[in-house]
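Reader: Hello! I would love a close look at one part of this model, the place where its helices pack, along with a few residues of interest.

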Amino acid sequence: MQFKKKDILDMASLTVDEIELILDTADRMKEISTRPIKKVPTLRGKTVILFFHEPSTRTRTSFDIAAKRLSADTHSISASTSSIVKGETLIDTARNLEAMAPDVIVIRHSCSGAPHLLSPLVSASIINAGDGMHAHPTQALLDIMTVREHKGRISGLQIAIIGDITHSRVARSNCIGFSKMGANVIVAGPPTMIPMGIENLGVSVTYHIDEAVKDADVIMMLRIQKERQQRFLFPTLREYSVLYGLNMKRLKHAKEDVLIMHPGPMNRGVEIAPEVADGPYSIILDQVTNGVAVRMALLYLVLGGARNADTD
Ligand code: CP
């Protein structure tokens, strides 16, 4: 199968076949990171711009590493050190970047829809590295890859996503992605942090964490996104932690082979107890490892790699 998409904007626009191709390609890419010399010439001569309008540790670093492992050149731009602080618009910024002939622009932006706005304006491939509360498709892909690696399948699994669902682009992309791949997704959190109509993404809802934990094969904890809340949606962090935090006591009611995930950054002791985050069920750092592989696969595929490139 050939990958024909110019851009990676969200999970909704990827087909099951395309997701499987990305995951299979990522499985192959992962091996490159285990070699003594972690570099192949596949994307030599290609230019990748990392345009991060919001802070990031995992996504930005793993895209940078992914591009370099494939021998592409990378250039980073952040809002605070670009001419955006002088009033240049996003569209003008993108047109100026385009004039320097990049092959891929990876963009993270606080406004939902920013990558979609740029997509028709530039010939470079746009990869959405997280836009507002809307989508974080590369996170969902690495999450699906990590679960598939541990469980051998996605179809039929019970996935619980717990926390501040309203403000989470990770939650939205994972609801769509895991449902599309045949999993049953349940979201849980306080009523103030569950958006109206989330059921339209094909998921079920509970306001009780214990209900979500009980039958789950996978539990994904999310942090409270205070930076996107107009006002705090829970009386105190302590109360939130008592009612919605995942601790060892709660975990005793989960399946014996449950997997614990978190996209990061974690607020230890709030949504997840340290002993859970670092415990035997946690695959949180596997998610980070697979982030590099998935992003290598995406750069390779949007640049036509499956048609003409060499990963040996
Ligand atoms: N999961 C995630 O997007 O992490 P960063 O914000 O550090 O990139």
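To start with a side question: is Cys 111 buried, exposed or partly exposed?

Author: Happy to help! This is a predicted model, so local features need pLDDT of at least 70 and side-chain atom pairs count only at pLDDT 80 or more, while totals for chains, interfaces and linings use all residues. Residues are numbered from 1 along each chain as its sequence is written, and side-chain values use heavy atoms, with hydrogens and water left out.

Cys 111 counts as partly exposed because its relative accessibility is 42%; buried means under 20% relative accessible area, exposed over 50%, and partly exposed in between, with a 1.4 Å probe and protein chains only. Cys 175, with a relative accessible area of 0%, is buried. The structure holds zero disulfides (a disulfide being a pair of cysteine sulfur atoms within 2.5 Å).

Now to the helices. Helices (H or I, at least four residues) and strands (E, at least two) are DSSP runs, numbered from the N terminus. Axes are lines fitted to C-alpha atoms, for helices over the stretch in contact, and angles run from 0 to 180 degrees between N-to-C directions.

Helix H1 (residues 16-32) packs against helix H5 (residues 137-151) at an angle of about 70°, and their axes are 10 Å apart. H1 is therefore roughly perpendicular to H5; that word covers 65 to 115 degrees, with under 35 roughly parallel, over 145 roughly antiparallel and the rest oblique. On the H1 side the contact (heavy atoms within 4.5 Å) includes Ile 19, Ile 22 and Lys 30, and on the H5 side Leu 141, Met 145 and Arg 148 are among the residues. The contact residues divide into seven nonpolar, no polar and five charged. Here Ala, Val, Leu, Ile, Met, Phe, Trp, Tyr, Cys and Pro count as nonpolar, Asp, Glu, Lys and Arg as charged, and the others, Gly among them, as polar.

H5 also meets helix H6 (residues 169-180): their axes come within 8 Å and cross at roughly 50°, so the two are oblique to each other. Pro 137, Ala 140 and Val 147 of H5 are among the residues in this contact, as are Val 170, Ser 173 and Phe 178 of H6. This contact has six nonpolar residues, four polar and one charged.

Finally, His 167 sits in the loop between strand E5 (158-162) and H6. His 167 is buried, at 8% relative accessible area. Leaving aside neighbours within four places in sequence, His 167 has contacts that include Met 133, Arg 172 and Leu 233.
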